[in-house]
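User: Hi! I have a protein chain with a bound ligand here, and I would like to walk through the fold with you.

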Amino acid sequence: MNCLEPFTSLAFDVWQQPKGADAFHSFARFSTSQSPTLKSLFLLLLKAMGKILGVVNQKGGVGKTTTAINLSACLALEGLRTLLVDCDPQANASSGIGFQRDDNRRSIYDVLMGDCPAEQVILPTEIDHLWLLPGSKNLTGANVELAGATDRALRLRRALAPLRDAYDLIILDCPPALDLLTLNVLSAAETLLVPMQAEYFALEGISELISTLERVRAAYNPSLTIEGVLLTMYDDRTNLAQQVTETLREYFRERLYRTVIPRNVRLAEAPSHGKPVALYDARSRGTEAYFELAGEFLARNQIESPRSAERKVAAAARPNVKVSFWPYS
Ligand SMILES: Nc1ncnc2c1ncn2[C@@H]1O[C@H](COP(=O)(O)OP(=O)(O)OP(=O)(O)O)[C@@H](O)[C@H]1O
Ligand SMILES: [Mg+2]
């Protein structure tokens with residue numbers, strides 16, 4: 001038995017109670033404010049439960065879905081059990097990994113409406129270790145249908161709670177709006193990745209996102225953090241891109257990811273083939289960039305992937321050949 005299991009199951013119980021959000025809220029606030037030991041225990045506990053990462057930006061077309069699909073795929077290819085959750089009525093994350101629109105298929109909509117548990121909706125994908133909780137256009141209705149429910153902002157969080165042990169990472173793709181679906185993502189996520197294009201208008205809206213985040217922290221999710229800001233569709237030949245990068249670095253400091261995703265036509269083509277770029281063109285710059293992003297994400301979170309552990313064992317087992325050059329000594 002994992003030595004943290006008693007704590008994780010306690011957290012699950014608290015999480016899943018009807019008033020789970022309030023109880024977990026108090027538990028998080030209590031443990032993070034009391035002592036450094038309790039705080040580290042709380043953080044260790046969250047780590048043991050599997051990370052939930054929301055990919056958010058209310059601005060449209062900035063590369064959220066491309067990032068959610070390809071980061072999930074690279075993490076799964078590194079051997080981590082990864083669940084991609086498509087919370088967008090456009091359902092681009094679902095079609096982008098090979099699940100075309102199907103109005104009869106159950107989706108996250110049915111889960112949010114309380115019609116079935118998430119386990120019954122999850123689908124395996126072409127990649128081992130990668131699963132999809134599909135979206136559907138019905139999600140548009142969820143914004144209205146859930147408006148009167150008192151727990152409307154916490155539906156996703158409750159639905160994902162029983163899954164946290166089954167996956168190393170759960171990645172949530174958001175719609176381009178600060179609506180009820182995004183609010184559900186902000187309440188469910190542990191941390192947020194914000195993809196952004198290096199252009200002037202990208203900076204607008206960030207203060208709105210940050211103030212929404214503060215309100216969600218106060219109301220539902222006190223331990224919510226920003227994992228990082230990721231520059232996407234980057235073209236380093238333009239002065240504007242460099243200026244915007246500098247501004248973002250001043251503002252976000254080490255939260256700005258070192259990895260940047262270049263503009264790459266293979267990344268744009270891959271979704272029409274229903275594949276992550278790593279399967280569509282393994283040698284493209286897009287594939288390289290998303291593996292680099294996965295590496296940076298894992299390093300920042302001190303997570304060692306099974307593939308990385310295997311690479312270390314293989315390197316250690318390799319005979320240490322000493323090469324001598326003439327004249328031999
Ligand atoms: N690095 C890239 N290089 C080239 N094209 C890209 C790149 N990233 C994304 N794209 C393309 O840009 C468009 C928008 O990307 P994407 O759908 O990922 O953005 P989004 O933020 O999810 O959009 P929305 O807000 O509508 O959900 C898509 O056509 C996608 O294929
Ligand atoms: Mg999208």
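Analyst: Happy to help! One term first: two residues are in contact if their C-beta atoms, placed from the backbone, lie within 7 Å. Please keep in mind that this is a predicted model.

User: Let's use that term right away. Leaving aside neighbours within four places in sequence, which residues is Arg255 in contact with?

Analyst: Arg255 lies in the loop between α12 (239–252) and β8. Its C-alpha is 7.4 Å from that of Ile226, although 29 residues separate the two in sequence. With its neighbours within four places left out, the contacts of Arg255 are Ile226, Gly228 and Val229.

User: Is Arg255 buried, exposed or partly exposed?

Analyst: A residue is buried with 20 or more other C-beta atoms within 10 Å of its own, and exposed with 12 or fewer. Arg255 has 15 other C-beta atoms within 10 Å, so this residue is partly exposed.

User: Thanks! Stepping back, how many helices and strands are there in the protein chain?

Analyst: The protein chain has 329 residues, of which 40% count as buried. Among its contacts with a separation of 6 or more, 77% are between residues 24 or more positions apart. As for helices and strands, the chain has 16 helices and 8 strands.

User: In what order do the strands form the sheet?

Analyst: Strands of a sheet pair through backbone hydrogen bonds, either parallel or antiparallel. Here the pairing is mixed, and the sheet is open. Its edge strands, each pairing on one side only, are β3 (123–124) and β8 (256–262). The order of the 8 strands is β3-β4-β2-β5-β1-β6-β7-β8.

User: Let's look at the β3 edge. Which residue in β4 stands opposite Leu123?

Analyst: β3 pairs with β4 (residues 130–133) over 2 bridges, in the antiparallel sense. Within β4, the residue opposite Leu123 is Leu132.

User: And the other edge: what angle does the direction of helix α15 make with that of β8?

Analyst: Helix α15 covers residues 285–300 and packs on the sheet. The strands touched by α15 are β7 and β8. Between the directions of α15 and β8, the angle is about 165°.

User: Now for β6. How many of its residues are buried, and which residue in β7 is the bridge partner of Val194?

Analyst: Strand β6 (residues 191–197) is mostly covered, with 6 of its 7 residues buried. β6 runs parallel to β1 (residues 51–55), joined by 3 bridges, and Val55 has Leu193 in β6 as its bridge partner. β6 also pairs with β7 in the parallel sense, over 7 bridges. There, the β7 partner of Val194 is Val229.

User: How far apart in space are Leu209 and Val194, C-alpha to C-alpha?

Analyst: Leu209 belongs to helix α11 (residues 206–219) and is partly exposed, with 19 other C-beta atoms within 10 Å. Beyond its neighbours within four places in sequence, Leu209 is in contact with Asn57 and Gln58. Leu209 and Val194 are 15 residues apart in sequence, and their C-alpha distance is 9.7 Å.

User: Turning to the ligand, which helix gives the largest share of the shell around ligand 1?

Analyst: There are 19 residues around ligand 1, and those that come nearest are Gly60, Lys64, Thr65, Thr66 and Pro176. By class, the shell has 7 nonpolar, 9 polar and 3 charged residues. At least two residues each come from α4 (64–77), β7 (225–234) and α13 (265–269). The largest share, 3 residues, comes from α4.

User: Two loop residues have a positive phi without being glycine, His129 and Gln302. Which one is buried and which is exposed?

Analyst: His129, with phi of about 70°, is found in the loop between β3 and β4; Gln302, with phi near 50°, sits in the loop between α15 and α16. Inside 10 Å, His129 has 21 C-beta neighbours and so counts as buried. Gln302 has 7 C-beta neighbours inside 10 Å, so the exposed residue is Gln302.

User: Last one: how far apart are the end C-alpha atoms of α16?

Analyst: Helix α16 (residues 306–317) has 12 residues. The number of them that are buried is 0, so α16 lies largely in the open. At 1.5 Å a residue the helix should span 16 Å, which agrees with the distance between its end C-alpha atoms, 17 Å.

Notes: Residues are numbered from 1 along each chain as its sequence is written. Chains are lettered from A and ligands numbered from 1 in the order in which they are written. This is a predicted model: local features need pLDDT of at least 70, side-chain atom pairs count only at pLDDT 80 or more; totals for chains, interfaces and linings use all residues. A residue is near a molecule or strand if its C-beta atom, placed from the backbone, lies within 6 Å of it. Helices (H or I, at least four residues) and strands (E, at least two) are DSSP runs, numbered from the N terminus. Ala, Val, Leu, Ile, Met, Phe, Trp, Tyr, Cys and Pro count as nonpolar, Asp, Glu, Lys and Arg as charged, and the others, Gly among them, as polar. Two strands pair if DSSP finds at least two bridges between them. Axes are lines fitted to C-alpha atoms, for helices over the stretch in contact, and angles run from 0 to 180 degrees between N-to-C directions. The expected span of a helix is 1.5 Å times one less than its number of residues.
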